[in-house]
Structure formats: C-alpha cells, structure tokens
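Student: Could we go through this model together? I should like to begin with the ligand site.

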Amino acid sequence: MSWGYKPNNGPQKWVENFPIADGVRQSPIDIVPGQASYDAGLKPLNLKYDPSTCLDILNNGHSVQVTFADDTDSSRLTDGPISGLYRLKQFHFHWGASDDKGSEHTVAGTKYPAELHLVHWNTKYASFSEAASKPDGLAVVGVFLKIGGENPNLQKLLKAFDTIKSKGKQTSFANFDPSTLLPGCLDYWTYDGSLTTPPLYESVTWIVCKEPITASSAQMAKFRTLLFSADGAAPDCMVNNYRPPQPLKGRAVRASFK
Ligand SMILES: Cc1cc(C)[n+](CCc2c[nH]cn2)c(C)c1
Ligand SMILES: [Zn+2]
C-alpha cells in the first residue's frame, strides 16, 4: 500500500515509512501573522515565466500537475528570500472535499479551499531530482485560493481535467503562463520547510503569498471530479489531498511586508 490521504495511509501514517515526518523543519505550518517578523532585507519576488516551457498536465494520483521544460533559465524565480536562480519545474494544487478546507498552510487557523504550489529548484545543483533533497534545493511559491468570481485563468486548466480524470493520465498542455495564477500583490511570508508529501525532504524555502487568488465554487467542484484511482479501479474522488499543519519547532516566519 503506498502513501495517500486516507486514514490507513494518510498523513498520520507517513512517519512509519518516512521518519523525517517528525523532523525539525516539516511543512505545512499555521502562519500566525502577528508572530511573523517583518524583514526589511527581504527582496520582492522576481518571477519570470515563459509559456513556451509548458509541457503537459498530469494526474499523478496525488494531485493535478503541470510540468515545465527546465533545461534553460527561461522560467525562473530569483530574489525574494533566496540567493541564486531557481528554475520552475512544475505546479500543482491541494484541495478539500468542500469549500471550508483544502489548503496546506493555514493563516491564524484559517483554512482556504485550495492552495497552488509552484515548485522551483536551485540551479547550483545539476537537476531537480538532485536539488530535491538538499537543504537549499527547492523554493516553492504557495498561493491560496478563496471562493469568489470565476477565475478565467483557471478555466484553461480545468478544461483539460476531463482527459486526465484518473491516475497516470497525462496530456500535452502548451503555452500556459503560470504568472496568470499569481495574485496582484506579491507580499509573502517565508520560512524553512519541507515537501508536504513523502519523501517529505527538508529542502524547501517556502514563500507563501499573503493575497489569495479566487476560484468559483463551481471551479472548485471541477477539481473534485479528478480521481486518486486509476482507470478501471473503483472510482476514488481526489479530495482532501492536503497535509495538516506541522509543529513550528522554533522556526522563524518572516514577512516581506509590514
Ligand atoms: C522529489 C519530489 C517528490 C515530490 C512528491 N515532490 C512534491 C512534494 C510536494 C507537493 N507539495 C509540496 N511538496 C517534490 C516537490 C519533489
Ligand atoms: Zn504541493
């Protein structure tokens, strides 16, 4: 039985095969704005994405993921809390079975209906897979989704869902610009953390945007039509694919804004 999000293989069980689940810099966390310290030394995020690096969209059995060509620096993150240049590898989402939950990070205990993760890797390493296990290997930009008006930039993604309903399905997906999924204001909180799914490597500089983007309730319902299960298996709705907040263990959370 491989890891998942059910009682018998979910976040409470991951420590059995991945002992780092009880590590000192695990993610996600509850972000308490009043306890975050403003750091004037933090630079604005510098994100530049080239839509022509967009390759395909995949149901990997845990989430829906859009993968990018990362053989050049054309889609990358610089500045913010990081040094050097991190290349965009993929983005994906976490969401709930209903609009009252779904995000991984929470803000003073508030859960959002979903959370977008844009995963970047440090080009001081030779590849994503080499970087993924290094303490400064990855930088993930997290963006909360809240319920509001229909988000036209999500529509292009959601239209592809019918062709990747079950685990292992993928289809080509071209010319998507992930910057259309960023909020207008790029104020952020940042802290040292980890992957939020096994192997839970403590390799992530987290950059969580304060401002959410919107999705309509109908658009959220579309995420819930995806399946954890493969074609031919009993259909198992892909919902609640989020890890709950983990202990801060003395870590500082910094804010790029007052
Ligand atoms: C080597 C590696 C494996 C996995 C599942 N992931 C995704 C884990 C994840 C999803 N959301 C936050 N971390 C990454 C980023 C790297
Ligand atoms: Zn994620």
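Tutor: Let us fix one term beforehand: a residue is near a molecule if one of its heavy atoms lies within 4 Å of it. This is a predicted model, in which local features need pLDDT of at least 70, side-chain atom pairs count only at pLDDT 80 or more, and totals for chains, interfaces and linings use all residues; side-chain values use heavy atoms, without hydrogens and water. Residues are numbered from 1 along each chain as its sequence is written, while chains are lettered from A and ligands numbered from 1 in the order in which they are written.

Student: Which residues are around ligand 1?

Tutor: Three histidines, His 92, His 94 and His 117, are found there, together with Val 119, Phe 128, Ala 132, Leu 195, Thr 196, Thr 197, Pro 198 and Pro 199. By class, the shell has 6 nonpolar, 5 polar and no charged residues (Ala, Val, Leu, Ile, Met, Phe, Trp, Tyr, Cys and Pro count as nonpolar, Asp, Glu, Lys and Arg as charged, and the others, Gly among them, as polar).

Student: And how far is a polar side-chain atom of His 92 from a nitrogen atom of ligand 1?

Tutor: The distance is 3.0 Å. For the side chain of His 94, an N or O atom is 3.3 Å from a ligand nitrogen atom, and for that of His 117 the value is 3.4 Å. A polar contact here is a pair of N or O atoms within 3.5 Å.

Student: Which elements give two or more residues to that shell?

Tutor: Strand S7 (85–95) and strand S9 (114–122) do. Strands are DSSP runs of E with at least two residues, helices are runs of H or I with at least four, and both are numbered from the N terminus.

Student: Changing topic, what is the secondary structure of the chain?

Tutor: The chain has 3 helices and 15 strands. Its radius of gyration, taken over C-alpha atoms, is 17 Å, close to the 18 Å from the globule rule (2.2 Å times the number of residues to the power 0.38) for 258 residues, so the chain is as compact as a globular protein of that length.

Student: Where are the cis peptide bonds?

Tutor: One joins Ser 27 and Pro 28, with omega about 0°; Pro 28 is in the segment before strand S1 (30–31). Another joins Pro 198 and Pro 199, with omega about 10°. Pro 199 lies in the loop between strand S12 (188–193) and strand S13 (204–209).

Methods
Polar contact = N/O pair within 3.5 Å; in protein donor to acceptor, adjacent residues only side chain to side chain.
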